Amino acid sequence: MLAAFTRDFGSTVPLPRDIIFPPQPAPKFTPSEAEGPEPVSTISTIEIKDMTNKLRKNPRVKWSDFNQPRQLSKIKFLVVHHTADNINDIHRLNEIEINGTRIYKYGCPTIPYHYWINEDAQIHKCNNLSDITWHAKNANPVSVGIALVGNYEKQKPSAAALKSLEFLLNELLGNLKLPVTKVFGHRELTMYGNSTACPGRFLFPFVQEFRRG
Ligand SMILES: [Zn+2]
């Protein structure tokens, strides 16, 4: 549990990363307002492992109490995170997130990222883009969360992980029709009240470079 508590809090001051308390129910809208099925990747060079229906849901959280599907047009930017831990097993990470009390006393509904890239640079889809997950305080309704396993305050990301991240960012930007300038490191979301070192000093320069196109 220690790992979960130290994730994304920065190096010294333990500032909560993603606290949304009490969780604010999103405005309801009917499924007919959604914009149809999410785009399917047409590029096959890097496989995206879809885990959205394979991760155990938090039995203590009624998903519909806290989340309603959003229209994809509501998504304004992508947020890059590091996990600040070395948990390389997605099911173990999921258990920590749904059992932890860091963000909410009953735990997260699921892994709070939309995509998670493991140490082998394998991209895993954890949530649908239409789900508002709890990855960046106050910015969740308008953003997509992408996390790399590791603590990039302390270590450099692998070339393979960066390749997967770059591929995923390009895929998402293309599907969501957003420019490269709409990719941020979690640490940049200060205007939303986020205070964190995430995604770490060794990963953040990649985000800046990516944004330059
Ligand atoms: Zn973060």
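## Ring pairs

Two aromatic rings of Phe, Tyr or Trp count as a pair if their centres lie within 6.5 Å. In this predicted model, ring pairs link Phe77, Phe184 and Tyr192 into a cluster. The structure holds 3 aromatic pairs, and two that involve Phe77 are worth a walk-through.

Start with phenylalanine 77 and phenylalanine 184: the ring centres sit 5.4 Å apart with the planes at 90°, so this pair is edge-to-face. Phenylalanine 77 belongs to strand E2 (residues 77–82) and phenylalanine 184 to strand E6 (residues 183–185), so the contact ties together parts 107 residues apart in sequence.

Now swap the partner for tyrosine 192. The rings of phenylalanine 77 and tyrosine 192 have centres 5.8 Å apart, and their planes meet at 50°, so this one is tilted. That angle misses edge-to-face because the label needs planes over 60 degrees apart. Here too distant parts of the chain are linked: phenylalanine 77 is in strand E2, while tyrosine 192 is in the loop between E6 and helix H5 (204–211), 115 residues away.

## How covered the cluster is

Phenylalanine 77 is buried, at 6% relative accessible area. Its two ring partners get another label: phenylalanine 184 comes out as partly exposed at 21%, and tyrosine 192 is partly exposed as well, at 24%. Phenylalanine 184 doesn't count as buried because that takes a value under 20%.

## A cis proline

The loop between E6 and H5 has something else to look at, since proline 199 is found there. Cysteine 198 and proline 199 are joined by a cis peptide bond, with omega at about 10°. For context, most peptide bonds are trans. Tyrosine 192, from the ring cluster, lies in this loop between E6 and H5 too.

## Positive phi without glycine

Most residues other than glycine have a negative phi. Alanine 121 goes the other way, with a positive phi of about 65°. You'll find alanine 121 in the loop between strand E3 (115–117) and strand E4 (123–125). Despite the loop position, alanine 121 counts as buried at 10% relative accessibility.

Lysine 177 also has a positive phi, about 60°, without being a glycine. Lysine 177 sits in the loop between helix H4 (159–176) and E6. With 73% relative accessibility, lysine 177 counts as exposed, whereas alanine 121 is buried.

Definitions and conventions
Residues numbered from 1 in each chain as written. Predicted model: local features only at pLDDT ≥ 70, side-chain atom pairs only at ≥ 80, totals over all residues. Heavy atoms only, no water. Phe/Tyr/Trp six-rings, centres within 6.5 Å; stacked < 30°, edge-to-face > 60°. Helix = DSSP H or I, 4+ residues; strand = E, 2+ residues; numbered from the N terminus. Buried < 20%, exposed > 50% of the residue type's maximum accessible area, 1.4 Å probe, protein only.
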